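Grab a pencil and let's work through a few exercises on one protein model. Each has a task, then a solution in steps.

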Amino acid sequence: MTPDVHAVPESWTLPVPLTVATAVAVLVYLTGWRRLHAASAYVIAPWRAFCFLLGVFLVWVAVGSPLVALDEQLLTVHMVQHLLLMTIAPALILLGAPMMPLLLGLPRHVVRSVVGPVFRWRPVQLLGRLVFHPAFCWTAAAAALVGWHIPAAFTLGLQSEGWHVVEHICFLGAGFLFWWPVVQPWPSVPVWPGWSILLYLFLATLPCDILSGFLVFSERVVYPVYFSAAHRFEISVLEDQQRAGALMWTCVTILYLMPAASLTTRMLGVRNQHANDFVRSEQHLIGIPPSDPQSVEVG
């Protein structure tokens, strides 16, 4: 990098409102988590609290850290932002089971007079059922991903500070919607079979594969707005575009494969447990003791 490139992160200033909001969210969560942990150490495990804190921190990294100073210079950096906001941070935050700690961390009168009535309001409940339906979640995530990578929308987000904020909010909101049916944090209740979530994850890779493949194999620059920053880096705009596409392709594939493998293992474990229970029941009917050497377990 040339010396003027090193000056880009140095021009970064601490975003006070975002930093304060992040600190408040962490404080409220930890207050509620400590109350839960004092009542029972098994309500929300410490690793879930760590996931929440890490997820909130990554949101700040994506939109409040010196990383922001480079997102208008390199598409690869911009792609890192998108991955953090839409794929990594929301999954970690939802793994932290945030609803109960956040509710317990808020003042009780706020929960009773504001939050409680809003959650019990019938239109809000009906809207929640619609918004958190897997079909809607998948569509919203795919629309946010594809829509904001249309060259005109992408350029608008880079050139307008207001639209850039809207873009980040869209990615973060779509990320929460996408991961909700997969993680299923409280108060959601699993109503869909495991195989449907596997199909959900597989279908979710398709828009990412198409977009990332287009960026990797395209012989022209899709976002000409980056030509103005090309002279600052020892990398061509086209090569930067290819790296960004490869980054998305690799990260999304791995990050979607991890929950799919975990869910598959869990489903096979339940299936084997049912098979073992069936074998034991048959042995009991024919008089074979469970400790008999002829006893056979499945799986």
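**Exercise 1. Describe how helix 9 and helix 10 meet, and say which residues touch.**

Step 1: Look at the axes. Helix 9 (residues 151-159) and helix 10 have axes that come within 5 Å and cross at roughly 115°. Helices here are DSSP runs (H or I, at least four residues), numbered from the N terminus. The axes are lines fitted to C-alpha atoms over the stretch in contact, with angles from 0 to 180 degrees between N-to-C directions.

Step 2: Find the touching residues. Helix 9 brings Leu156, Gly157 and Gln159, while helix 10 brings Glu161, Trp163, His164 and Glu167; contact means heavy atoms within 4.5 Å.

Step 3: Sort them by class. You get two nonpolar, three polar and two charged residues. (Ala, Val, Leu, Ile, Met, Phe, Trp, Tyr, Cys and Pro count as nonpolar, Asp, Glu, Lys and Arg as charged, and the others, Gly among them, as polar.)

**Exercise 2. Work out how far you can trust the model, using pLDDT.**

Step 1: Know what you've got. This is a predicted model, where local features need pLDDT of at least 70 and side-chain atom pairs count only at 80 or more, while totals for chains, interfaces and linings use all residues. Residues are numbered from 1 along each chain as its sequence is written, and side-chain values use heavy atoms, leaving out hydrogens and water.

Step 2: Check the average. pLDDT, the predictor's confidence in each residue from 0 to 100, averages 83 over the protein chain, and 84% of the residues score at least 70.

Step 3: Find the extremes. Among the elements, helix 4 has the highest mean (95) and helix 1 (residues 3-10) the lowest (58).

Step 4: Spot the weak stretches. Residues 274-279 stay under 50, with five contacts beyond four places in sequence. Residues 291-299 are also below 50, and have 13 contacts beyond near neighbours in sequence.

**Exercise 3. Describe the aromatic pair of Trp148 and Trp163.**

Step 1: Count first. The structure holds 11 aromatic pairs. (Rings of Phe, Tyr and Trp, using its six-membered ring, pair if their centres lie within 6.5 Å; planes under 30 degrees apart are stacked, over 60 edge-to-face, the rest tilted.)

Step 2: Read the geometry. Trp148 and Trp163 sit 6.4 Å centre to centre with 55° between the planes, a tilted pair.

Step 3: Place them. Trp148 belongs to helix 8 (residues 134-148) and Trp163 to helix 10, 15 residues apart.

**Exercise 4. Find out which residues line the largest cavity.**

Step 1: Get its volume, about 200 Å³. (On a 1 Å grid over the protein atoms alone, a cavity is a set of points where a 1.4 Å probe fits but cannot get out; lining residues have an atom within 4 Å of a point. Points are joined across faces, edges and corners, and the volume is the space filled by probe spheres set on them.)

Step 2: Of 19 lining residues, the closest to the centre are Met86, Ala141, Leu145, Cys208 and Tyr256.

Step 3: Helix 4 gives the largest share, five residues. By class, the lining has 16 nonpolar, three polar and no charged residues.

Terms used: Helices (H or I, at least four residues) and strands (E, at least two) are DSSP runs, numbered from the N terminus. On a 1 Å grid over the protein atoms alone, a cavity is a set of points where a 1.4 Å probe fits but cannot get out, and a pocket is an open set with protein on both sides within 12 Å along at least five of seven lines; lining residues have an atom within 4 Å of a point.
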